[in-house]
Amino acid sequence: VLASVISIGHLGTVDLAASSLASMTASVSAFSILQGMTSALDTLLPAAWTSSDPTRVGLWTQRMFIVAAVALIPMYLIWFQAESLLLFLRQDPLVAARAGLYLRYLSIGLPGYAGNLIMRK
């Protein structure tokens with residue numbers, strides 16, 4: 001996020017405001033939720049690994065992939081309607097439009113981010 005904010009900051013203040021607003025929206029509406037959901041694996045996986053049936057590690061991992069995939073649906077809905085949501089919250093129209101565009105492009109990496117979180121556990 002820092003690298004994109006620095007590089008976008010050279011484009012102008014509106015673009016910098018939009019990328020900062022979009023990054024904050026992404027953190028609140030998706031990234032932190034996915035991190036919280038996958039932190040449940042910190043409790044489940046060690047117990048499954050030390051149990052009599054360690055194949056449960058893979059089972060819990062597969063289940064978390066399904067839960068994350070279902071959770072991505074409302075996140076995508078929020079991100080693709082971000083411009084109208086930000087306008088409802090009385091943000092500058094130009095900043096809201098560019099923040100919405102930023103979130104639409106950022107949404108490409110959302111499944112990969114969720115998968116990375118799960119596989120790191």
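This is a short talk on how helix α2 packs against three other helices, with a few single residues added at the end.

Okay, thanks everyone. One thing up front: what you see above is a predicted model. I'll go through the helix pairs and then pick out some residues.

Two packed helices are described by the angle between their axes and the distance between the axes. So let's do that for α2, which covers residues 13-38.

Start with α4, residues 56-80. Its axis and the axis of α2 come within 11 Å, and they cross at roughly 170°. Anything over 145 degrees counts as roughly antiparallel, so that is the label for α2 against α4. Who makes the contact? On the α2 side you have Thr25, Ala26, Ser29, Ala30, Phe31, Ile33, Leu34, Met37 and Thr38. On the α4 side, look for Met64, Val67, Ala68, Ala71, Leu72, Met75, Ile78 and Trp79. By class, that splits into 14 nonpolar and 3 polar residues, with no charged ones.

Next up is α7, residues 110-120. Here the axes come within 10 Å and cross at roughly 30°, so α2 and α7 are roughly parallel to each other. If you care about handedness, this crossing is right-handed. From α2, the residues are Ala30, Phe31, Leu34, Gln35 and Thr38, and they meet Leu110, Tyr113, Ala114, Leu117 and Ile118 of α7. The tally is 8 nonpolar, 2 polar and again no charged residues.

Now α6, which runs over residues 93-106. How do the axes of α2 and α6 sit? They come within 8 Å and cross at roughly 50°, so α2 is oblique to α6. This crossing is right-handed too. The α2 list is a long read, so here are some of them: Val14, Asp15, Ala18, Ser19, Leu21, Ala22 and Phe31 are among the residues that meet α6. Over on α6, the partners are Leu94, Val95, Arg98, Ala99, Tyr102, Leu103 and Leu106. Here the contact does include charge: 13 nonpolar, 3 polar and 2 charged residues.

Keep an eye on Phe31, by the way. Phe31 turns up in the contact with α4, in the one with α7 and in the one with α6.

Let's zoom in on Ser19, which lies in α2. Is Ser19 buried or exposed? Its relative accessible area is 1%, so it counts as buried. A polar atom of the Ser19 side chain lies 3.1 Å from the backbone oxygen of Leu16.

Staying with buried residues, Gly100 is in α6, and at 0% relative accessibility it is buried as well. Which residues does Gly100 touch, leaving aside its neighbours within four places in sequence? Those would be Trp79, Ala82 and Glu83. If you want a spacing, Gly100 and Tyr76 are 24 residues apart in sequence, and their C-alpha atoms are 12 Å apart.

For contrast, take Tyr105, also in α6. Tyr105 comes out at 59% relative accessibility, so it counts as exposed. Its C-alpha atom is separated by 27 Å from that of Thr61, which is 44 residues away along the chain.

Last one: Arg90, in the loop between α5, residues 82-88, and α6. Arg90 is exposed, with a relative accessible area of 77%. For the torsion people, its phi is near 65°, a positive value in a residue other than glycine.

That's my tour. Happy to rotate the model if anyone wants to look again.

Note on methods
Residues are numbered from 1 along each chain as its sequence is written. This is a predicted model: local features need pLDDT of at least 70, side-chain atom pairs count only at pLDDT 80 or more; totals for chains, interfaces and linings use all residues. Side-chain values use heavy atoms; hydrogens and water are left out. Axes are lines fitted to C-alpha atoms, for helices over the stretch in contact, and angles run from 0 to 180 degrees between N-to-C directions. Helices (H or I, at least four residues) and strands (E, at least two) are DSSP runs, numbered from the N terminus. Angles under 35 degrees count as roughly parallel, over 145 as roughly antiparallel, 65 to 115 as roughly perpendicular and the rest as oblique. Contact means heavy atoms within 4.5 Å. Ala, Val, Leu, Ile, Met, Phe, Trp, Tyr, Cys and Pro count as nonpolar, Asp, Glu, Lys and Arg as charged, and the others, Gly among them, as polar. Buried means under 20% relative accessible area, exposed over 50%, partly exposed in between (1.4 Å probe, protein chains only). A polar contact is a pair of N or O atoms within 3.5 Å; within protein, one must be able to donate a hydrogen and the other to accept it, and residues adjacent in sequence count only if both atoms are side-chain atoms. A crossing is left-handed if the near helix is turned anticlockwise from the far one by less than a right angle, and right-handed if clockwise.
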